[in-house]
Amino acid sequence: MSGVGNKNIAAEGVKYRFSATNQPQNRGRIPSKLRNFVKDNRISKSDVDAIFSNIIFGSTLEELQNMVKPGNKEKLPVIVALLISAFIADIKKGTLSEVNTVLDRIYGKAAQSVEVAEKKSDIPDDVNERRELAEQLKKEIEILNEE
């Protein structure tokens, strides 16, 4: 089955290669609508905190579900409806993944600290102990040289 495939594929593909002059019309990431909404409406972290403390954490599940029903949802600010919907979805799943995703999109992921433990050297810190170790090593090297 020889001769299978396009022998001129490299030459034919030139017109599709990215270069300084050949760029797609819609370049880059599509900006997050939620992030734009937050930025355009100057929603701060304290606003989101207030939504959680006063509305979400202060309401029953039934009250939250009623708030985001068609007809009621349109009366809420978009960010409130979004956060309530995400919170309800999490309650049904028994997680906080939806709320975390929404908050990550608004504020970025929380900084994660990495603890790096310093490896302790086998060489003692005490000067006298280092001398003793050096003497011991000299003796062991002498014994090895005699063998």
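**Stop 1: the largest pocket.** Start with the largest pocket of this predicted model; its volume is about 170 Å³. Select Lys45, Val48, Asp49 and Phe52, then add Leu103, Asp104, Tyr107, Gly108, Lys109 and Ala110. Together these residues line the pocket. Colour them by class: five are nonpolar, one is polar and four are charged.

**Stop 2: the helices behind the lining.** Which helices each supply at least two residues of the lining? Select α3, residues 45-56, and α6, residues 97-107. Of the elements around the pocket, α3 gives the most to the lining, with four residues.

**Stop 3: from α3 to α5.** Keep α3 on screen and add helix α5, residues 78-93. Turn the view until both axes show. They come within 11 Å and cross at roughly 60°. An angle of 65 to 115 degrees would count as roughly perpendicular, so α3 and α5 are oblique to each other. The crossing of α3 and α5 is right-handed.

**Stop 4: the contact.** Now show side chains. On the α3 side, select Val48, Ile51, Phe52, Ile55 and Ile56. On the α5 side, select Ile79, Val80, Leu83, Ile84 and Phe87. These two sets meet. How many residues of each class does the contact of α3 with α5 have? It has 10 nonpolar, no polar and no charged residues.

**Stop 5: back to the pocket.** Finish on Val48 and Phe52. Both are among the residues that line the largest pocket, and both are among the α3 residues that meet α5.

Notes: Residues are numbered from 1 along each chain as its sequence is written. This is a predicted model: local features need pLDDT of at least 70, side-chain atom pairs count only at pLDDT 80 or more; totals for chains, interfaces and linings use all residues. Side-chain values use heavy atoms; hydrogens and water are left out. On a 1 Å grid over the protein atoms alone, a cavity is a set of points where a 1.4 Å probe fits but cannot get out, and a pocket is an open set with protein on both sides within 12 Å along at least five of seven lines; lining residues have an atom within 4 Å of a point. Grid points are joined across faces, edges and corners, and a volume is the space filled by probe spheres set on the points. Ala, Val, Leu, Ile, Met, Phe, Trp, Tyr, Cys and Pro count as nonpolar, Asp, Glu, Lys and Arg as charged, and the others, Gly among them, as polar. Axes are lines fitted to C-alpha atoms, for helices over the stretch in contact, and angles run from 0 to 180 degrees between N-to-C directions. Angles under 35 degrees count as roughly parallel, over 145 as roughly antiparallel, 65 to 115 as roughly perpendicular and the rest as oblique. A crossing is left-handed if the near helix is turned anticlockwise from the far one by less than a right angle, and right-handed if clockwise. Contact means heavy atoms within 4.5 Å.
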